[in-house]
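Visitor: I'd like to poke around this one with you, a residue at a time. Can you put it on screen and take my questions?

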Amino acid sequence: MATTVNPDLRKERENASFVPEKITNFLYGGPERVQKKRELASLALNDPDYHHEDLNFMSREQQYETCLKKSLLMTTKIKQLKIDAVDEHFYRSAVTGPSPDPLGLHVGMFLPTLYGQATQEQKEKWLNLAENYVIIGTYAQTEMGHGTFLRGLETTATFDPKTQEFILNTPTLTASKWWPGGLGKTSNYCVLMAQLYIQGKSYGPHPFMVQIRSLQDHKPLPGVTVGDIGPKFGYDVIDNGFLALRNVRIPRENMLMKHSKVAPDGTYVKPPSSKLAYGTMVFVRATIVNDSAMALSIATTIAIRYSCVRRQSEMKPGHPEPQVLDYVTQQYKLFPYLAAAYAFWLTGQTMMSVYMTSSSRISKGDISVLPELHALSAGLKALSSWVANVGMEECRLACGGHGYSHASGLPRLYANLTPGATYEGENTVMMLQTARYLMKSYNQSLQGEKLAGSVAYLSGVQPVPAAGRTRNMLDLGALCDAFRHRAARLVHEAAMQLRNERQAGKDQPDAWNAASVDLVKAAMAHSQYFVVKNFAERLTDSRLDSSISAVLTRLCQLHALHGLVTNSGDFLEDGYLTGSDIRQARRHINALMAKLRPDAVALVDAFDFPDGILNSILGRYDGNVYQHLLEWAKASPLNKNDLAARGSNYEGLMKRHKIHTKNLESVTEALRSHGVEVKVIQKHEYTPEKVNWADVIMSAGGDGTFLMAASHILT
Amino acid sequence: MVAKMNPDLKKERENASFDPEKITNFLYGGQESVKRKRELESLALNDPDYQHEDLNFMSREQQYETQLKKGILMVTKMKELKITSAQDQLFYTSAVLVSDVHPMSVHTRMFLPTLYGQATEQQKDKWLKLAENYTIIGTYAQTEIGHGTFVRGLETTATYDPKTQEFILNTPTLSASKWWPGGMGKTSNYVVLMAQLYIYGKSYGIHPFMLQIRSLEDHKPLPGVTVGDIGPKFGYDVMDNGFLSLNNVRIPRENMLMKYSRVEPDGTYVRPPSTKLAYGTMVQVRAGIVMFSGMNLAKAVTIATRYSCVRRQSEMKPGHPEPQVLDYVTQQYKLFPYLAAAYAFWLTGQTMMSVYTTSSSQISKGDISVLPELHALSAGLKALSSSMANVGMEECRLACGGHGYSHASGLPRLYTNATPASTAEGEHVVLMLQTARYLMKSYNQSLQGEKLAGSVAYLSGVQLVPAAGRTRNMLDLGALCDAFRHRAARIVGEAAAQLRSEMQGGKDQADAWNASSVDLTKAAMAHSQYFVVKTFAERLTDSRLDSSISAVLTRLCQLHALHGLVTNSGDFLEDGYLTGSDIRQARRHINALMAKLRPDAVALVDAFDFPDGILNSILGRYDGNVYQHLLEWAKASPLNKTDVHQSYHKYLKPFLEANRAKL
């Protein structure tokens, strides 16, 4: 059954000033990548093995089971289909959507830890088993009482030289491992982070390979208590787990010893550098910047499409209700996040490529780039996940009541992505790490050192320009200058504040704590400057054609100007900008939004999320929102009994409907693959022109449909 | 079993500068009221009939059933126990329902009040007793799948048939289906239906009709009625929000609620005396939402503040023990502004309620002159408070780190159940623009020399920017109120200027309004914030407050104002009203205030007086015994019923075995 596109959405697409495909190519790195992405996405989305009832209709237990089953299938199919490692994420994200994967930690942390921290010998022992899913592992670091602060972990691994074993214990309640994904019910192995003790002396946290469940019957091994941590805001499909250990013994060889080692006699051998682990952290943070961009692009796609379909109120007496997106206040809710989605998308890409470039240097032993990379990635992770959190909710609220329904896809998106702000380093802690680097760099510059990279600008705080000058607030150069000035000034003021607190008699930690609000502010300004600058720089790409470059420039201007007016005090405080600059900025924002309005749908189409990944009735590409909302509601669990009572089996109906659709698709596809032009039309569109156009007409339906179709063929 | 209090929390309570009981009395309007509140709460919390497994462990269907059962019990018990006053019912029901509603909530909140307010005496005789005694259960069906805030856009029709003296009800299109009414999906057998009235082809706008939708015998939908649940949502799992479509359903003429508008047997339409009569209830509902926002913030802050004293993290100084998380200034900066906002909205909600009560006697005497201002004020305050509560609840959740994400914290459920307040009963921006419309009208009147009164009196003259170089005490509540007043007045003036220049640029009124709407919203926001700051400051002049209480509340008020000031500093700097050095001074004051509030933080949340049963949060427990209860809770959760989950046998085992065989 081919659907017709909602006329409002169709008009939006016809009136766009550019071809979205061009931006899609820009966002995904060229037409070949886009093609690959689409192939793999449709392979996954059309695979009936992955189809199931809406997760929102299921109990948590059913959700876990459904997604576990899917994840195991996906693992097997990725191997069968021989999907290239660089393309794998296209396939994976189409299978899972913006929802986590029960084996996610096996792939994302367990395997990489083995690659990075196991010796050759250890790799030979475990890698084959892990890569082939004979064992399933997770990464057990966080404890009930200890998160961000790694050194505070309480789990112990005490070396027993007599038996050449480590004795593992979670000696207190708060030492219980808590949160690792897949730990509760799925995994039979884990990499355990524990405080290493040798002959009563502590050597800090180290990784150990621990089997937690029997490979025969999956029962917890002796001394192991393991289970699920209970329901959460989101991540319903993941069995985040707890783990308590009581005198569990593992052989010495189970400590992952690529870096630190414990010799049979208990001698501890230090790693060459403690900064080696930083590289992966940078990668994980870049991933979170990408996640934030994805979250915002999905949320704005849903909200912007729906705002073109939804009509509301009477702007002018007697006129029809306008599309909600015609309200400037609605644009002001959504367009800044649309711009932010693009900004973070491009930031994430830049971070990834910086990471790739530097990781080859790092692997050669040159770790000089690490501190900067680390500081930059911490701030960007925090900034992007904060903005994404607020933005996803703003998009949900912008969809009014229907945004609150799971049919919108937005509640689930938010619940699954909001942890980005607290995991992999809580955001405030992250910002303070960035601030620490900024303070160090700033002090170096005061001592005459020349700074490089992302902090080079701290070398000299610019003087405030004389009042009375005119400034073009649309000029990206001027906007970047303004963000740079603000960052430099706030870094300077935070440093002053820190110094004042010291001079008033506080020791370094107390002074740091007392100045921490200012320090976070400085790190935030630094990160925002980087994002604005990066966006502007990416627009200088000579491969961009003019239609694309014009619309992306508007987005970049909007992103910068919106950041500027929402933080206007920071620019006014020292007189760098004037009240009239800010008023000018506000007028520019209005004008930019008016220009972006006709391109809004094309700009979200360019993100190229198929409906199966968006998983939102409000955000459907065809805009047929209301009828699908009703169908979805009718299929939901509280209504099932009614249908059954009337002798109707909804699942049966749905199944037959799907078979019907599937057959239609495969016939269409087969014809098209032979170069035959095909049009799929509905009963009510079956006009003489269409009949005349066709050489062959096939009817899909029962005998009534066939007779009706035949009756119109007169020649 | 008497639980031992966590030593950190115990110490916090010992070190507070005041007795929280005094603030509790202030917040709830006196000792007597607090006593009554506690009696009713413990009556509900100790009643075994209301005990059940954690709702978070249940499927949605089980949640609906559990809460329906509880709702029915509650209604019955309130009658038995003679809990009749609105205040008493609120205390009792919030202890039974915690942060959730029950499927018959709309019956009490909307269905009954609509009958009271819009039915004729005769209609009341017919239905009121049935409804009050729950012989029939009703809801209020207004919102449609395609139409929300804009009531005139509703598509459901009630066409009068003079031959049979009936109305024929229809939802003629898909987008006309009623959508969202609470309790409509499965629970209710009656609704008040809002529909476009048509007589002889002419439309008379929206009117209320009494409609039976399900059989009183077997609860089956009546002929022509299609009704069901709208499916799972972000929160409100316990509520069967419903859809309803009608196909030529006929009801007698007497089923139109005719206290105001009437339709005579011959089809003559009789107009109501005034259209502003419905405004009164709206003001009350909005004042309720302001109160509700304050309470929800108070709950979230209670949980996060207590937990931040129990949780220890990182090493501030080498070799020292891990400090309590609340000792980090950044954590204080996350939580204390919302603690202050909780107090601010709590007090603002009370003030609005009492203004409403005073004016409603005026209104009932026919004097509706106060309504426009009340309406404008309540719209802005509802929007401001619910959006602050939204952001604040999430900030509190995030401030609890990973554990905040667990349902054990209570925060996700609190948020998902409370967040609709910013879209329900008038969407945020729509309400802000209503306030703005009144502000523009008032401002223009003042330009024409009229003297303004009430909450907009200050618009009569925009103050001059004070000369630079003066010193200003940024802790002085008077000076802070002045600053907020100046900002509001200036932004109202600028929005008016913007509106004017858009019209001078050739736009018609509607387009100019739309083009200026971002500035207009900003003006309404500034106006509402000024009102809250001023109300908070005024409430502190209450002579019944003793000095220890008044000192700590003054700090909260200062923090509330200063935090609003520095987060919107541009608004105060733009025209030079404040200087960069004022803002820097404000930031230093905030730090100093937070340091002073730190030892009182736990006492300040204890003063909200939420018993554990109402907080429903393991992180926020009064005794602070967080970790052992977290573990117990997790162990009781559904996935842990067996050590090896059934999915192992179904999926994992064959998978692992196949992989092993391949090696």
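Visitor: Is B:Ser105 buried or exposed?
Guide: Keep in mind that this is a predicted model, so the values here are computed from it. B:Ser105 is found in helix 6 of chain B, residues 105-118. Its relative accessible area is 6%, and the cut-off for buried is under 20%. So B:Ser105 counts as buried.

Visitor: How many ångströms separate the C-alpha atoms of B:Ser105 and B:Leu68?
Guide: Along the chain, B:Ser105 and B:Leu68 are 37 residues apart. In space, the separation of their C-alpha atoms is 9.9 Å.

Visitor: Let's do rings. How many aromatic pairs are there over all chains?
Guide: The rule asks for ring centres within 6.5 Å. Over all chains, the count by that rule is 36.

Visitor: What kind of pair do B:Phe167 and B:Phe209 make?
Guide: Their ring centres are 5.0 Å apart and the planes sit at 70°. Distant parts of the chain are linked here, with B:Phe167 in strand 3 and B:Phe209 in strand 6 of chain B, 42 residues apart. B:Phe167 is buried at 0% relative accessible area, and B:Phe209 is buried at 0% too. Planes over 60 degrees apart count as edge-to-face, so this pair is edge-to-face.

Visitor: And how many residues apart in sequence are the parts tied together by B:Phe234 and B:Tyr415?
Guide: This pair is edge-to-face because the planes are at 90°, with the centres 6.1 Å apart. B:Phe234 is in the loop between strand 7 and strand 8 of chain B, while B:Tyr415 is in helix 12 of that chain, so the sequence gap between the parts is 181 residues.

Visitor: What relative accessibility does B:Tyr415 have?
Guide: Its partner B:Phe234 is buried, with a relative accessible area of 8%. B:Tyr415 counts as buried as well, and its value is 2%.

Visitor: Which residues form one aromatic cluster?
Guide: B:Phe234 and B:Tyr415 both belong to it, and the cluster has members from chain A and chain B. From chain B come B:Trp180, B:Phe234, B:Tyr236, B:Tyr405 and B:Tyr415. From chain A come A:Trp179, A:Phe233, A:Tyr235, A:Tyr404 and A:Tyr414.

Visitor: On to charges. Which residue meets B:Arg588 in a salt bridge?
Guide: The structure holds 84 salt bridges over all chains. B:Arg588 lies in helix 19 of chain B and its partner in helix 16 of chain A, so this pair joins two chains. B:Arg588 is partly exposed at 30%, whereas the partner is buried at 11%. The N to O distance is 2.9 Å, and the partner is A:Asp518.

Visitor: How far apart are the closest N and O atoms of B:Arg490 and B:Asp575?
Guide: This pair links distant parts of the chain, 85 residues apart, with B:Arg490 in helix 14 and B:Asp575 in the loop between helix 18 and helix 19 of chain B. B:Arg490 counts as buried, at 7% relative accessibility. A salt bridge needs the atoms within 4 Å, and here the closest N and O atoms are 3.6 Å apart.

Visitor: By about how much of a helix are B:Glu538 and B:Lys534 separated?
Guide: They form a salt bridge with the closest N and O atoms 3.9 Å apart. B:Glu538 is partly exposed at 46%, and B:Lys534 is partly exposed at 23%. Because they are four residues apart in helix 16 of chain B, the separation is about one helical turn.

Visitor: Which residue does UniProt list for "active site"?
Guide: The listing comes from an unreviewed entry. The residue is in the loop between helix 12 and helix 13 of chain A, and at 40% relative accessibility it counts as partly exposed. The residue listed is A:Glu424.

Visitor: Which residues does A:Glu424 touch, not counting those up to four places away in sequence?
Guide: Contact here means heavy atoms within 4.5 Å. With those sequence neighbours left out, A:Glu424 touches A:Val284, A:Ile288, A:Lys381 and A:Met430.

Visitor: Last one: about how much accessible area does the nonpolar patch of A:Val667, A:Val696 and A:Met698 have together?
Guide: A:Val696 is found in the loop between helix 25 and helix 26 of chain A. At 62% relative accessibility, A:Val696 counts as exposed. Together the three residues of the surface patch have about 300 Å².

Note on methods
Residues numbered from 1 in each chain as written. Chains lettered and ligands numbered in written order. Predicted model: local features only at pLDDT ≥ 70, side-chain atom pairs only at ≥ 80, totals over all residues. Heavy atoms only, no water. UniProt positions renumbered as here; feature names shortened; annotations may be inferred. Buried < 20%, exposed > 50% of the residue type's maximum accessible area, 1.4 Å probe, protein only. Patch = residues over 30% accessible without salt bridge, like charges linked within 9 Å, V, L, I, M, F, W, Y side chains within 5 Å. Areas by Shrake-Rupley, 256 points an atom, 1.4 Å probe, with all protein chains shown as cover. Salt bridge = Lys/Arg side-chain N within 4 Å of Asp/Glu carboxyl O. Phe/Tyr/Trp six-rings, centres within 6.5 Å; stacked < 30°, edge-to-face > 60°.
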